[in-house]
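Hi,

Here is the structure I promised to send over. Have a look at it first, and then read my notes underneath.

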Amino acid sequence: MTNNGGIPSRCWGGKGIVTYVSKTEENPYRRFFRCEIGLQRKKEQHLFKWVDEALLDEIERMHEQQSIMAEEIEDLRSSLEKTVEKVVIKHKKSEDV
Ligand SMILES: [Zn+2]
């Protein structure tokens, strides 16, 4: 797996991506994403990606995003805790006086 962009939405030419079904002997009924122009101009390098691989990439990407978010939530939680602690200490001090 080289392209780790997940599910493709656009080709470099800006054209939309269409899903096709492979009819080759090697990959019968395997679905793939293909740039519309790429199908007409076979000599040019246009987007091609198997749907199953794209979905795996997408899951991997979401998993990465999820762990980043979990880290961010943890950071927020600890900074919130610290803020609350500070406020509580301040409050106690003002009560003491
Ligand atoms: Zn294209």
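Below is what I found, going from the annotated domain to the sheet, the core and one odd loop residue.

Before anything else, keep in mind that this is a predicted model.

Let's start with the record. An unreviewed UniProt entry carries the annotation "domain: GRF-type" for residues 11-54. Over that stretch the chain is 20% helix and 30% strand, and the C-alpha atoms at its two ends are 14 Å apart.

Next, the sheet. It is an open one, built from three strands in the order β1-β2-β3 with antiparallel pairing. β1 and β3 (48-50) are the edge strands; each has a single partner, so one side of each is left without a neighbour in the sheet. From one strand to the next the twist averages 25 degrees. As general background, strands of a sheet pair through backbone hydrogen bonds, either parallel or antiparallel. Here, β2 and β3 run antiparallel and are joined by three bridges. If you want to find one of the partners by eye, go to phenylalanine 32: its bridge partner in β3 is tryptophan 50. Helix α2 (residues 51-96) packs on this sheet and touches β1, β2 and β3, with its direction at about 80 degrees to that of β3.

Now for the core. The largest nonpolar core has six residues: Cys11, Ile17, Phe33, Cys35, Leu47 and Ala54. Two of its members are worth clicking on.

- Cysteine 35 sits in strand β2. It counts as buried because 24 other C-beta atoms lie within 10 Å, and the cut-off for buried is 20 or more. Leaving aside neighbours within four places in sequence, cysteine 35 contacts Cys11, Gly13, Lys15, Ile17, His46 and Leu47. Glycine 16 is 19 residues away from cysteine 35 in sequence, yet their C-alpha atoms are 6.3 Å apart.
- Phenylalanine 33, with residues up to four places away in sequence not counted, touches Pro8, Ile17, Thr19, Leu47, Lys49, Val51 and Ala54.

Finally, the odd one. Which residue has a positive phi although it is not a glycine? That's tyrosine 29, at about 65 degrees. Most residues other than glycine have a negative phi, hence the flag. You'll find tyrosine 29 in the loop between β1 (17-21) and β2 (31-35). Is tyrosine 29 buried or exposed? Exposed, because it has just 8 other C-beta atoms within 10 Å, and the cut-off for exposed is 12 or fewer.

Cheers

Definitions and conventions: Residues are numbered from 1 along each chain as its sequence is written. This is a predicted model: local features need pLDDT of at least 70, side-chain atom pairs count only at pLDDT 80 or more; totals for chains, interfaces and linings use all residues. Helices (H or I, at least four residues) and strands (E, at least two) are DSSP runs, numbered from the N terminus. UniProt positions are given in the numbering used here, feature names are shortened, and annotations may be inferred rather than shown by experiment. Two strands pair if DSSP finds at least two bridges between them. Axes are lines fitted to C-alpha atoms, for helices over the stretch in contact, and angles run from 0 to 180 degrees between N-to-C directions. Two residues are in contact if their C-beta atoms, placed from the backbone, lie within 7 Å. A nonpolar core is a set of buried Ala, Val, Leu, Ile, Met, Phe, Trp, Tyr and Cys residues joined through C-beta atoms within 7 Å.
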